[in-house]
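The exercises below are meant to be worked with the sequence and the coordinates side by side. Try each task before reading the solution that follows.

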Amino acid sequence: MGNEQIPQTAPTPPAPRRPTGRQTGFAGTAHRWLLDRISALWALLTDRPVSLYAASALRIGYGSLYLIFLLREFPHRHEIWGADSPWTPALAQQLFDQTGWNSILTLSDSRAYFELCYVMALVTSALFMLGWRTRVMSILFALVVTSFHARAIFMTDGGDNLTLLMALYLVLTACGRRWSLDARRDRLKAARAGNAPKLVRRFSVQQLLDARTTLTTVVHNCGIFVIAAQVCVLYGAAGLYKVQGASWGGGTALHYVLNLELFQPWPALSHLVDEQTILISIVGYMTVLLQVAFPFVLFGRLKYPVLVMLLGMHIGIAVLMGLPLFSGAMIVADAVFLPDRFYTFLPHLCRRAAQRTGMRRPAPGRAAGPGSVPSQGRPGVPGPKHRTTPPGQKDNALATGLASDQS
């Protein structure tokens with residue numbers, strides 16, 4: 001009996017804790033919130049193209065800027081991109097071997113070929129600005145900007161760097177849906193086909209068309225996002241680099257900028273502005289603050305005064321430093337942050353301003369008063385043009401009409 005061993009049973013593990021109602025509710029709420037955010041992001045990406053007016057504004061802005069740039073440099077085209085350039089085709093080819101870039105301007109040394117390329121660049125920029133066959137013209141415009149930029153990368157003022165990036169990004173966007181010849185042609189086509197019977201397509205064909213529309217929408221929205229991100233990185237990086245400099249921290253950076261002889265189109269104006277020491281110190285600090293804070297104010301109404309101040313800054317750079325292409329490229333890039341309701345309201349605002357300044361007169365045959373409508377004659381009753389009124393009753397009728405309008 002003493003040698004018998006009592007069998008030992010293994011201890012039973014404790015039962016797992018059941019989550020309380022509060023924990024279950026919090027987890028379910030967080031899960032639903034995450035699903036809602038993912039669904040909203042997916043809908044924003046695939047449902048409809050965003051910022052179509054902003055994309056069209058970018059197309060018009062960069063197309064016109066590059067067209068003006070090519071026209072301005074037309075007398076000096078051979079010294080910048082042609083055979084007379086200090087940056088010779090041989091030097092350009094050496095750079096291409098290192099960077100992997102290329103240019104259509106280096107395919108031939110013929111002067112006639114260069115002139116043909118220049119004329120085609122002018123035509124492409126104009127057609128891209130007008131929005132004619134925008135999908136094809138956007139690719140050709142990107143090819144033109146890339147070729148001219150790569151041919152003489154050190155011969156321009158640097159404003160075409162941003163133009164090059166935006167030209168590549170605009171290929172992804174549907175920048176011809178608004179304010180373009182393509183949009184006008186689509187409206188006319190839709191008006192002609194309004195009364196025509198609707199074409200019934202097969203299910204597979206309809207699915208392919210829907211997939212193409214969704215893909216186009218996704219690519220366009222991603223392109224707009226990349227453009228906005230590029231501008232944010234540009235401003236943020238510029239502001240952070242300025243913070244590291246002692247001259248910007250001391251408020252003397254603009255003093256040195258205004259005294260650079262290479263960037264003084266009007267030296268007297270630059271010296272006049274340089275005399276306002278307190279003003280240029282404040283402007284220097286505000287420049288750094290605006291550029292650093294720009295990416296953080298995009299989702300509120302504070303972005304509108306920030307964009308206005310940045311507009312003034314770029315205009316100052318164009319006038320005081322003689323860099324219109326760079327300033328124009330930055331001003332056009334800022335247009336991506338304006339909503340479509342701003343662009344749809346802009347024509348109405350321009351019409352109201354024109355009417356207030358007297359530039360636009362009311363249509364002929366329409367009375368100047370807002371509520372005065374001429375009475376129409378019934379059949380058998382002479383109208384107002386054929387009705388005779390004694391001279392004494394004309395004044396009474398006019399007074400009665402004015403009283404009824406004021407009441």
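**Exercise 1. Two residues with positive phi**

Is W179 buried, partly exposed or exposed, and what is its relative accessible area? Carry out the assignment, then treat R133 in the same way.

*Solution.* It should be said at the outset that this is a predicted model. The relative accessible area of W179 is 37%, and because buried means under 20% and exposed over 50%, W179 is partly exposed. As to its place, W179 is found in the loop between α7 and α8 (181-192), and its phi is near 55 degrees, a positive value in a residue other than glycine.

For R133 the relative accessible area is 43%, so this residue is likewise partly exposed. R133 lies in the loop between α5 and α6 (134-151), with a phi near 50 degrees, which is again positive in a residue other than glycine.

**Exercise 2. The chain and its confidence**

Describe the secondary structure of the chain, and find which element has the lowest mean pLDDT and which the highest.

*Solution.* The chain has 17 helices and 0 strands, and of its 407 residues 32% are buried. Turning to contacts between residues at least 6 apart in sequence, 77% of them join residues at least 24 apart.

The mean pLDDT of the chain is 81, with 79% of the residues reaching 70 or more. Among the elements, α5 has the highest mean pLDDT (96), while helix α17 (residues 391-406) has the lowest (41). Over residues 365-407 the pLDDT stays under 50, and for this stretch the model has 8 contacts beyond four places in sequence.

**Exercise 3. Three polar side chains**

For R77, T106 and S327 in turn, determine the place, the burial and the partner of the side chain.

*Solution.* Begin with R77, whose place is in helix α3 (residues 77-80). Its relative accessibility is 13%, and therefore R77 counts as buried. The side chain of R77 makes a polar contact with the side chain of E115 at 3.1 Å, and, when residues up to four places away in sequence are not counted, R77 touches G82, F114, E115 and Y118.

Next comes T106, in the loop between α4 (89-99) and α5 (111-130). T106 is buried, because its relative accessible area is 18% and the cut-off for burial is under 20%. A polar atom of the T106 side chain lies 2.9 Å from the backbone oxygen of S103. Beyond its neighbours within four places in sequence, T106 is in contact with Q93, F96 and R151. From T106 to G82 the C-alpha to C-alpha separation is 9.3 Å, although 24 residues part them in sequence.

Finally, S327 sits in helix α15 (residues 324-334) and has a relative accessibility of 2%, so S327 too counts as buried. Its side chain reaches the backbone nitrogen of A318 at 3.2 Å. The contacts of S327, leaving aside neighbours within four places in sequence, are with H314, I317 and A318.

**Exercise 4. The largest pocket**

What is the volume of the largest pocket, and which element gives the largest share of its lining?

*Solution.* The volume of the largest pocket is about 850 Å³. Its lining holds 24 residues, of which L44, V50, S51, I224 and F299 are the closest to the centre. Two or more lining residues come from each of α1 (21-46), α9 (203-244), α14 (303-321) and α16 (340-357), and the largest share, 7 residues, belongs to α9. By residue type, the lining of the largest pocket divides into 18 nonpolar, 2 polar and 4 charged.

**Exercise 5. The second largest pocket**

Repeat the analysis for the second largest pocket: how much space lies in it, and how do its lining residues divide by type?

*Solution.* The second largest pocket contains about 720 Å³ of space. It is lined by 29 residues, and W248, L254, T287, M313 and I317 are the closest to its centre. At least two lining residues are supplied by each of α7 (159-170), α9, α11 (253-258), α13 (277-293), α14 and α15, with α14 giving the largest share, 8 residues. The lining of the second largest pocket consists of 21 nonpolar, 7 polar and 1 charged. I317, one of the residues closest to the centre of this pocket, is also one of the contacts of S327.

Conventions. Residues are numbered from 1 along each chain as its sequence is written. This is a predicted model: local features need pLDDT of at least 70, side-chain atom pairs count only at pLDDT 80 or more; totals for chains, interfaces and linings use all residues. Side-chain values use heavy atoms; hydrogens and water are left out. Helices (H or I, at least four residues) and strands (E, at least two) are DSSP runs, numbered from the N terminus. Buried means under 20% relative accessible area, exposed over 50%, partly exposed in between (1.4 Å probe, protein chains only). A polar contact is a pair of N or O atoms within 3.5 Å; within protein, one must be able to donate a hydrogen and the other to accept it, and residues adjacent in sequence count only if both atoms are side-chain atoms. Contact means heavy atoms within 4.5 Å. On a 1 Å grid over the protein atoms alone, a cavity is a set of points where a 1.4 Å probe fits but cannot get out, and a pocket is an open set with protein on both sides within 12 Å along at least five of seven lines; lining residues have an atom within 4 Å of a point. Grid points are joined across faces, edges and corners, and a volume is the space filled by probe spheres set on the points. Ala, Val, Leu, Ile, Met, Phe, Trp, Tyr, Cys and Pro count as nonpolar, Asp, Glu, Lys and Arg as charged, and the others, Gly among them, as polar. pLDDT is the predictor's confidence in each residue, from 0 to 100.
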